[in-house]
Amino acid sequence: MLRIFFAAPGRSIGRAAVGVLLASLLAASANEAQTSTRGEIPRLSDGRPDFNGIWRAIGNHHWDIEPHLARPALAMQEGPVVPVPANEVLALGAVGSVPSGYGIVEGGGIPYLPEALAVRDENRERWLERDPEIKCYLPGVPRANYMHLPFQIFHSESKFFIAYEYAGAVRDILFEDPGPPEVDSWMGQSYGTWEGDTFVVRVTGQLDQTWFDRAGNHHSWEMVVTERWTMLGPDHVMYEATIEDPATFSRPWTIRVPLYRDIDPNARLGQFKCVPFVEELMYGELRKNPIRTPER
Amino acid sequence: MRTHRIPPLVAAAALLLGPAIALAQTGDGPVPRTPDGKPDLQGNWSNATMTMVQRPQGLAKVLTPEQVAAMEGERQEFIEERSQDSDPNREAPPVGGEYTGNPLFDAASGGTGGYNLFYIDAGDRVARWRGEPRSSLITIPEDGRIPGLTTAGREHAAAVAATRGEAEPYDNPENRPLAERCMLSFGSNAGPPMLPNYFYNNNYTIVQTPDHVMIMTEMVHDVRVIPIGAKPDLPDDYRPWFGVSWGHWEGDTFVIETTNISPEQLAYYGQIYGGGVGNPIITERLTRVSENSLEYEFMIEDPETYTSAYGGQVPFIRLPERVYEYACHEANYALFNVLSGARAQEREATGGNEDR
């Protein structure tokens, strides 16, 4: 356990800091004790935790980051007795059903302002038209980190780069403060600093068109995401993201989700370049000879 | 990014006295290394250049100082002319567009002013390999040209052309080029081989760890992941975009080998892959030679398609700037407009006038 706290070679720890750490150790929860049994975290030559590897979240957070029960489908229509899956997704049967999830939002729910909550509900109602994932658009942050597909971190003493399998999205997390973003973008601008062994990334300059999940949860262009990446052991990262967006939420709120390393020695990041997969959906009606009849 | 022009006298001196002088003139530094002692390939790089992939007829491998001055001077004049403020009172371009005669610019603007020079960064210098100004990026074979096709290669190329001829180019999204569909970077930007697109954003980000090299191409954020180690055991029909790559160090050179490139990519980059009848093996060599320079060499072996192997040398210059997000598909109005424009033309031709 001591090694976890003191294992950063090349960095001196003052007496006061040692006192704080000892206090932390004495107060360590059972959870932290379990953490230490997972093994030492790998480190780079500069003593920083080594985040290299293929990582993924496990769970159903990508469907809905709030606590939710399983439901028949994301797109529904009125039925004679209860709502039933919408025609557009009916053929998928149970494959198109939403699995339950306990949520990853601290405190359970997202603190929407009333008008933003109404937009969320409308998004949910019109999911098929509005979810950017359906059109294979870049996912934004934090959504990219807990989707159903993994991502690979390339981490060296001078770079921290994330390549996501979904849509080939990328983030180059800058180690030097770039100042305010010069232009808004889908994946935003990321600037990372270290707080001890935690990599803290401030993400700004994101467009307002990305969502948090498939359940219509949204934000404005003012959103600032502060991510905290902490290795719990060689194969586990605790990922936290605090969302600040006064145009959408009544207060900052935080998500927390563990990430797991793909320990298969043959693991490779797959490609999910999904643009060609959605061409029929997006442009099919513009074919010279459309293969489906326009709806309505 | 645009590189600054070097006065001809300095360029000539660098040419005569060799790379050491060139380094001194540009203030270039020694090869940085990673903590494990390997040359550090990391950072942002550009391979923008005026030097074309294949050697134009009549030129030798190495350009004379006069040829360099003429080529770069002409490009500079074009850049300066096109960088002038637009006349706010200018008329609309004539029906059918107004072409400048410059193929680069006309391809970008379609004669309608679609892109002005602000958006274009096609390179304003010829490629210099160890101080030698080059007339082509291809150096093997000696004539600087892609070798001829084998009989099988010709037959395959003809078959691909015939398949494409079944549909008009505007009938379906799948008939449009991969770049226009935002599926892959332009030209053979991501490769392999990684070549300039002669248009814009010829930029790359490289990250290196003890067991991986990752190369991201700015265009369409194409990522190549190259694990260091043996060739992975994958079936021949596992054909991802950019193929399956693996790498190793040979002294200070990082060598990448690639096979199993997607057939769609092979067919699309017809000039580079000859239509891709087979499964080419591409070998790339990356050597950092100074603070600001990375030497990139490639070799394509595809005996089913080409009568001989071919390869080339491309200088990568350090890009002291950030690489920005090239989100393409998310606002691909072009593909929508190309297809809907074709449908509108068809309705006009048949006298129909209903809106779509």
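Chain B of this predicted model has an average pLDDT of 86, and 86% of its residues score at least 70. One stretch of chain B departs from that picture: over residues 1–25, pLDDT stays under 50. The model nevertheless has 31 contacts beyond four places in sequence for that stretch of chain B.

Chain A averages a pLDDT of 89, with 86% of the residues at 70 or above. Here pLDDT stays under 50 over residues 1–37, and the model has 19 contacts beyond four places in sequence for them. Where pLDDT is low, the predicted coordinates should not be read in detail. For the complex, the predictor gives an ipTM of 0.88 and a pTM of 0.88.

I turn now to the interface. Contacts join 32 residues of chain A to 34 residues of chain B. On the side of chain A that touches chain B, at least two residues each come from strand E4 (151–155), strand E5 (160–164), strand E6 (170–173) and helix H7 (279–283). Of these, E4(A) gives the most, with three residues. Sorted by class, that side of chain A has 15 nonpolar, nine polar and eight charged residues.

Finally, a helix in chain B. How far apart are the end C-alpha atoms of helix H8 of chain B? They are 24 Å apart. Helix H8 of chain B covers residues 333–349, and because each residue should contribute 1.5 Å, its 17 residues are expected to span 24 Å, in agreement with the model. Just after H8(B), B:Gly351 adopts a positive phi of about 80°.

Definitions and conventions
Residues are numbered from 1 along each chain as its sequence is written. Chains are lettered from A and ligands numbered from 1 in the order in which they are written. This is a predicted model: local features need pLDDT of at least 70, side-chain atom pairs count only at pLDDT 80 or more; totals for chains, interfaces and linings use all residues. Two residues are in contact if their C-beta atoms, placed from the backbone, lie within 7 Å. Helices (H or I, at least four residues) and strands (E, at least two) are DSSP runs, numbered from the N terminus. Ala, Val, Leu, Ile, Met, Phe, Trp, Tyr, Cys and Pro count as nonpolar, Asp, Glu, Lys and Arg as charged, and the others, Gly among them, as polar. pLDDT is the predictor's confidence in each residue, from 0 to 100. The expected span of a helix is 1.5 Å times one less than its number of residues.
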